[in-house]
Amino acid sequence: MPVRVAIAGKGGTGKTSFAAMLIRTLQEGTGGTILAVDADPNSNLHEALGIAVPRTVADVLEEVKTPGPPPAGMPKSQLIEYRLRSVLVETPRLDLLSMGTPEGPGCYCFPNDLIRHHLAALARDYDFLVVDNEAGMEHLSRRVAQDMDMTFVLSDATVRGLRTAGRIRALVDEIGLKPGRVWLVVNRVVDRRPLEEAIAATGLEVGGFIPDDKGVADLDLHGEPLARLPAGSPALQAVLAVATRAGLTDGRTSD
Ligand SMILES: Nc1ncnc2c1ncn2[C@@H]1O[C@H](COP(=O)(O)OP(=O)(O)OP(=O)(O)O)[C@@H](O)[C@H]1O
Ligand SMILES: [Mg+2]
């Protein structure tokens, strides 16, 4: 069974950047295999990781929805599983599945349940499952992977942002998700002192503070993957510290 890690938080707090840096940290700090899932319809985790994604799960759902002769004798569930595997982008020790944007009208509840089921089955082959979620609270309820071992709630370095992080935590409980151990990660921190009170008020366990790092913003500005961050990057170092505190790595990197 993999260690299942979710990343949540309001828009623009750095979820995708954190996910990409965490994945790199896991690649370099463990010998493990990783399944990364981009659960944001506006997929961009692949860009942060520098991996091309030709097709998404939403594309597969569209194909399954379109009436046509199914391959002889293949039940719909098996067909979805087969097609899910076909959209998985495989690289050494890191595979990526992008959910994509469901198009057109119609209820996706049935396929979403199936996807959830198949995703759990697929994830069993890996050491880590890392899910980058869509921004905002309302989407968490239809999150593709609901049963996690840990969730990192990202916040920007503002009092208002931290209040939102606290509300996200409450909502997770309200709608009955199983987030596992929940960690607050405050991103783009310049000075943490004015935030201490608001951090305590969230009631969340602090996973760590990621500094505002020009290297991260510059790579994003030029559409370059975060794999290009130098090993000494302050943000990357801070993500390593978070991963170590959360027990995901032992704090060392292999290269
Ligand atoms: N530690 C950091 N230092 C500097 N810039 C950062 C840092 N983390 C993220 N950014 C920048 O902040 C912006 C938003 O980051 P990102 O896309 O990771 O957020 P997000 O929460 O995934 O957004 P969305 O809600 O749209 O999915 C990007 O331009 C990114 O380069
Ligand atoms: Mg994002």
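Here are legends for a handful of close-up views of this predicted model.

**View 1. The whole chain, before we zoom in.**
Let's start with the general layout: the protein chain holds nine helices and eight strands. Of its 255 residues, 51% count as buried. If you look at contacts between residues with a separation of 6 or more, 77% of them link residues 24 or more positions apart. On the outside, the chain exposes about 12200 Å², and carbon and sulfur atoms supply 52% of that area.

**View 2. The largest nonpolar core and helix α1.**
This core is made of 39 residues, and F18, L22, L49, F152 and L248 have the most contacts inside it. Which helix gives the most to this core? That would be α1 (residues 15–29), with seven residues. Helix α1 is mostly covered, with 13 of its 15 residues buried. From first C-alpha to last, α1 reaches 20 Å, close to the 21 Å expected at 1.5 Å a residue.

**View 3. Zooming in on L22, then over to another core.**
Who does L22 touch, leaving aside its neighbours within four places in sequence? Look for V5, I7, F152, V239, A243 and L248, which are in contact with L22. Apart from the largest core lies another one, of 22 residues, and V37, L114, L119 and L129 are among them.

**View 4. Ligand 1 and its surroundings.**
Ligand 1 has 18 residues around it, and the closest are K15, T16, S17, D213 and D220. Check out three polar side-chain atoms here. One from S17 sits 2.6 Å from an oxygen atom of ligand 1. Another, from N187, is 2.9 Å from a nitrogen atom of the ligand, while one from R188 lies 3.1 Å from a ligand oxygen atom. On its own, ligand 1 has 640 Å² of accessible area, and the protein covers 83% of that.

**View 5. Helix α6, end to end.**
Try a quick ruler check on α6 (residues 159–174): at 1.5 Å a residue, its 16 residues should span 22 Å, and the end C-alpha atoms are 23 Å apart, so the two agree. The buried residues of α6 are G161, L162, T164, A165, G166, I168, L171 and V172. Why might buried positions recur along a helix? An α-helix has 3.6 residues a turn, so residues three or four places apart point the same way. What covers the buried residues of α6? The cover includes β1 (3–9), β6 (150–156), β7 (181–189) and α7 (196–202). Just after α6, spot G176, which takes a positive phi of about 75°.

Key
Residues numbered from 1 in each chain as written. Chains lettered and ligands numbered in written order. Predicted model: local features only at pLDDT ≥ 70, side-chain atom pairs only at ≥ 80, totals over all residues. Heavy atoms only, no water. Core = buried A, V, L, I, M, F, W, Y, C linked by side-chain atoms within 4.5 Å. Buried < 20%, exposed > 50% of the residue type's maximum accessible area, 1.4 Å probe, protein only. Helix = DSSP H or I, 4+ residues; strand = E, 2+ residues; numbered from the N terminus. Contact = heavy atoms within 4.5 Å. Near = heavy atom within 4 Å. Polar contact = N/O pair within 3.5 Å; in protein donor to acceptor, adjacent residues only side chain to side chain. Areas by Shrake-Rupley, 256 points an atom, 1.4 Å probe, with all protein chains shown as cover. Expected span 1.5 Å × (residues − 1).
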